[in-house]
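Biologist: Hey, got a minute to walk me through this one? I'd like to start with a pairing across the two chains.

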Amino acid sequence: MTALMSQMPEQLEELSSSTDFTLSTKSVKILSSMPDNGGSYYSNLKLQPLETHEKAGYQLCSHVEDFIFTKAGTVPKIKTQLSRDDIFSTIMVRCGIGRNNYRVAPGLYGVGEPGRTSEVLVTANFKLSFDHLRQELKGINVWILVLDTRGVNVWCAAGKGTFSTSELVHRIESTGLNLVVDHKRVIVPQLGATGVSARLVQERCGFRVVFGPIRSRDMVEFLQNRRRVTPGMRQITFTLAERFVLTPVEIRIAAKSVFIMALALVFISGIGPQIFSLEQAWNKGRTGIVMILTGVLSGTVVTPVLLPWLPFRQFAAKGIVSGSVLAATLLFFLPLTQGGIKGSMALFLFSVAISSYFAMGFTGATPFTSPSGVEKEMKRFIPIQAILMLISMVLWIYSSF
Amino acid sequence: MQNLRYLDGVSTLKLSQKLCVGCGLCIEVCPHGVFVLDEHKAHIQDLDGCMECGACVNNCPTSAISVTPGVG
Ligand code: SF4
Ligand code: SF4
């Protein structure tokens, strides 16, 4: 048995080096004394081309299906189909779990059978951006140049200066792109224009930047259209679905302060005629926590999702509207309050202030809010939110007496 | 984005028509359709649509455009 096993690698090599071998049960017969797992040897054989790229201490990425030989070295060829793992990770990342570490190695990749005239698409090394792009490229042959943006998407990285002229130039040079393609052209997503100056890229490395569509799903049409965008491709959108996928991360951002607020509220709830009562802290605090959660939900989910339909332009004002409706409904239908009308008033104001605050935070996640506008909004609404908070706390304590 | 607009009268976007050479790059990169080209000059047609992302500033060959968020 041991002797047979040590023979195996040779046998397998022999098999795979002859191109026209057939893998019948006969050829597996040499393993007849082995446990019945012939199927796994078959799959090993199929993986053979990739195995030749194995390197001690490294692991092959699941999105790589082969390697392409170019004058600038081997380039991984990537799949256009997301695996179950990719999709699972996408969901985790969308929920804000492990978001900081979801990246791919920067560098050059290939899709399909790219050649010397194939286009070069530039993207960020945030794995979601990369996945998003590759799954839209089924059936076409292109190169993908991944810039190092520290795992941040194109839009945010361009604003932060990591998706930049210098990084693009550096990556074009370090990958030896001029050895791989004959043309001197790279396609940069339009939202990267905030960080990439087409003129400077051309000056520094001779490559011309063509700004492609904003959304990856327009990419194939753009390429078939001889690299011309239709007007719609240039305009940013912020649809219901696009807003909705951002909400889990908003909740997660809020989670920490919610915890602190809840503790503080429970403590304050205990203050009463007997100075401090643990029982009262729990009884009143419970209802308070429900109202905190209502406010957070209103600010981080309801307001973002209903954004275009809520009145007012300022997000903080939109948050007051949705927070008021939710809090009033809850207080009306549920006999939550200990502390009568004063307590209800306090909880209402508290919830509204929280909703307004977190709704304001969402200005940082949209593609249409100008920093000058956000500044103006914050200057006006932070004092309002603070005053609402203060009044509600005073009322809340007062309601215990 | 006609259904989603942010505050009016806050954008710090400025365009100097004197410097503009009408290359059209600002129109190409702006995600909010803020500019139009008319008689070989760029014009701001929708100032309040501007989100001050700086894409146009970064790509204008003659530095005809400026945005200065956070100043004033
Ligand atoms: S700053 Fe951005 S949104 Fe404003 S005009 Fe320039 S490209 Fe358009
Ligand atoms: S990019 Fe500058 S020069 Fe070109 S059209 Fe716009 S403003 Fe004029």
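Modeller: Sure. Take A:Arg234, which forms a salt bridge with B:Glu28, their closest N and O atoms being 3.8 Å apart. A salt bridge here is a side-chain nitrogen of Lys or Arg within 4 Å of a carboxyl oxygen of Asp or Glu.

Biologist: Okay, and where do these coordinates and labels come from?

Modeller: This is a predicted model, so local features need pLDDT of at least 70 and side-chain atom pairs count only at pLDDT 80 or more, while totals for chains, interfaces and linings use all residues. Residues are numbered from 1 along each chain as its sequence is written, chains are lettered from A and ligands numbered from 1 in the order in which they are written, and side-chain values use heavy atoms, with hydrogens and water left out.

Biologist: How many salt bridges are there between chain B and chain A?

Modeller: Two salt bridges. There are also 17 residue pairs in polar contact between the chains, both residues being at pLDDT 80 or more. A polar contact is a pair of N or O atoms within 3.5 Å; within protein, one must be able to donate a hydrogen and the other to accept it, and residues adjacent in sequence count only if both atoms are side-chain atoms.

Biologist: Which helices of chain B supply residues to the side that touches chain A?

Modeller: Helix H1 (25–29) and helix H2 (55–59) of chain B each supply at least two. Helices (H or I, at least four residues) and strands (E, at least two) are DSSP runs, numbered from the N terminus.

Biologist: And what classes of residue are on that side of chain B?

Modeller: It has 16 nonpolar, eight polar and four charged residues. For the classes, Ala, Val, Leu, Ile, Met, Phe, Trp, Tyr, Cys and Pro count as nonpolar, Asp, Glu, Lys and Arg as charged, and the others, Gly among them, as polar.

Biologist: What's the area buried between chain B and chain A?

Modeller: About 2600 Å², with carbon and sulfur atoms giving 57% of that. Buried area is the accessible area (1.4 Å probe) that two parts lose on being put together, summed over both.

Biologist: Which three residues supply more of chain B's share than any other three?

Modeller: B:Leu4, B:Tyr6 and B:Met51, which supply 27% of the area chain B buries against chain A.

Biologist: New topic. Which residues sit around ligand 1?

Modeller: They're from chain B, and among them are B:Cys30, B:Cys50, B:Cys53 and B:Cys56, along with B:Met51. To be listed, a residue needs a heavy atom within 4 Å of the ligand. The shell divides into ten nonpolar, one polar and one charged.

Biologist: Cool. How many helices and strands does chain A have?

Modeller: Chain A has 18 helices and nine strands. Of its 401 residues, 48% count as buried. Buried means under 20% relative accessible area, exposed over 50%, partly exposed in between (1.4 Å probe, protein chains only).

Biologist: How many salt bridges over all chains?

Modeller: The search finds 15. One of them joins A:Glu113 to A:Lys77, with the closest N and O atoms 3.2 Å apart. A:Glu113 lies in the loop between strand E3 (107–111) and strand E4 (120–124) of chain A and A:Lys77 in strand E2 (residues 73–78), so the pair ties together parts that are 36 residues apart in sequence.

Biologist: Is A:Glu113 buried or exposed?

Modeller: Exposed, at 59% relative accessibility, whereas A:Lys77 counts as buried at 12%.

Biologist: Got another pair?

Modeller: Yep, A:Arg134 and A:Asp86 form a salt bridge, with the closest N and O atoms 2.8 Å apart. A:Arg134 is in helix H6 (residues 127–134) of chain A and A:Asp86 in helix H5 (residues 84–94), so this pair ties together parts 48 residues apart in sequence. A:Arg134 is buried at 0% relative accessible area, and A:Asp86 counts as buried at 4%.

Biologist: What about a pair inside one helix?

Modeller: Try A:Arg171 and A:Glu167, a salt bridge with closest N and O atoms 3.0 Å apart. Both lie in helix H8 of chain A, four residues apart, about one turn of the helix. An α-helix has 3.6 residues a turn, so residues three or four places apart point the same way.

Biologist: Last one: what does A:Glu377 touch?

Modeller: Leaving out residues up to four places away in sequence, its contacts (heavy atoms within 4.5 Å) include A:Gln314, A:Phe315 and B:Tyr6. A:Glu377 lies in helix H18 (residues 371–398) of chain A and counts as buried, at 1% relative accessibility.
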